[in-house]
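This report examines selected side-chain contacts, the principal pocket and the confidence of the model displayed here.

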Amino acid sequence: MVRMIVFTVLAAGLMPGAETAPDRQPQLAVRGDTVAMVFGRGNEILFERSGDGGATFSEPEVVGALPVIALGRHRGPRVAFAGSAILVLAIGGGARDQSDLHSWRSTDGGKSWSKALVVNDVPGSAREGLHALAADAGGHAAAVWLDLRAPGTRLYGAFSNDAGASWSKNQVVYESTGGTICQCCHPSLLALGGGQFAVMFRNVSSGVRDMYLARIQDGSVVSPAAKLGRGTWELNACPMDGGGLALSGSQILTAWRRDHDLFLATPGDAEERIGTGKDVALAVSGGNPIAVWNQDGRIEVRISNRTGQLSESGAFPVVAALPDGRALAAWEEGGRIATRRLSAATLTSAR
């Protein structure tokens, strides 16, 4: 099985957040015209805020720092609006085998941040570094991660009904009958409202590695995990690639990779091929599905049925819907974070 675990360690003599460290693994959250963006740099988690839908951003502020932070291959911090609070999660610690899932909280729009809480209740069990976060306007929040507290890899979760001020006891979200889910593909979460969430992950079953979707309500699985799409991927390795979730009206829409191809699918229906590549992310804005991905080192975008190129180089794109029918994409490029606002008609550069 091919695996690659990337942790950023503070080098001797290098000050935290030094400009020599690259910006990595951006993530976005949107509430109205306010955009929250987080990313990793060195041993720090950084936060930027936009009040104009991603046209401009504030200077980066430090959310928190850890001696070691998990970065690379969809590792890195996550961000969500939970009621009136902003939540940030990241995995790190004093050493790789001691790494835990940490949670920070801001109630003043990102001007200040709480002391970190540790979300996983078995030390070191989140050390794979892959996790997801989602929250809703009512202050319900969910975190899931690949957990190693026992032999094999399981999907564990913790939940909050007070906008991240506290987290529940850890719960098993999914345990494969084969002894493990895919060992290094990131999970995805989507808030459905009222404390309900959709969670997507890659499973391992009888030699195939397909994507599965489940629903969680108040921390309990209310819709058992079911395979997405009609095809299957026989693979004796981990592709290190998850996917994306979005709401299209009241319907869940998913995006994910199988072999070299990328697909859109709604639960229970046949998948639709949208392109070739990896690291796909998804949003729906103005009724239009918007997918971004990496193809041979380029950043590609598909809006409805139109496909174009965002950048000739870059990695690990993400995308979030804006309330005006557009979307905002962000990705790694040249050691910094690039962003671009997207619409069906235009691709307007923001930085």
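The side chain of N120 reaches the backbone nitrogen of L101 at 2.7 Å, a polar contact (a pair of N or O atoms within 3.5 Å; within protein, one must be able to donate a hydrogen and the other to accept it, and residues adjacent in sequence count only if both atoms are side-chain atoms). The model is a predicted one, in which local features need pLDDT of at least 70 and side-chain atom pairs count only at pLDDT 80 or more, while totals for chains, interfaces and linings use all residues. Residues are numbered from 1 along each chain as its sequence is written, and side-chain values use heavy atoms, leaving out hydrogens and water.

N120 lies in the loop between β10 (117-118) and β11 (131-135); strands are DSSP runs of E, at least two residues, numbered from the N terminus. N120 counts as buried because its relative accessibility is 4%, the limit being under 20% relative accessible area with a 1.4 Å probe and protein chains only. Beyond four places in sequence, N120 is in contact (heavy atoms within 4.5 Å) with D100, L101, S125, A126, W145 and N170.

S311 belongs to strand β26 (residues 306-311) and counts as buried because its relative accessibility is 8%. Not counting residues up to four places away in sequence, S311 touches R298, I299, W331 and E333. The polar contacts of both side chains are as follows.

| Side chain | Partner | Distance |
|---|---|---|
| N120 | L101, backbone nitrogen | 2.7 Å |
| N120 | S125, side chain | 3.4 Å |
| S311 | S313, backbone oxygen | 2.6 Å |
| S311 | E333, side chain | 3.0 Å |

The largest pocket has a volume of about 1,200 Å³. A pocket is an open set of points on a 1 Å grid over the protein atoms alone, where a 1.4 Å probe fits, with protein on both sides within 12 Å along at least five of seven lines; lining residues have an atom within 4 Å of a point. The volume is the space filled by probe spheres set on the points, which are joined across faces, edges and corners. Of the 47 lining residues, L28, L189, L190, L245 and V319 lie nearest the centre of the largest pocket. β2 provides the largest share of this lining, 7 residues.

Confidence is expressed as pLDDT, from 0 to 100 for each residue. The chain has a mean pLDDT of 92, and 93% of its residues reach 70 or more. Over residues 1-18, pLDDT stays under 50, as is also stated for residues 347-351.

Definitions and conventions. Helices (H or I, at least four residues) and strands (E, at least two) are DSSP runs, numbered from the N terminus. Buried means under 20% relative accessible area, exposed over 50%, partly exposed in between (1.4 Å probe, protein chains only). pLDDT is the predictor's confidence in each residue, from 0 to 100.
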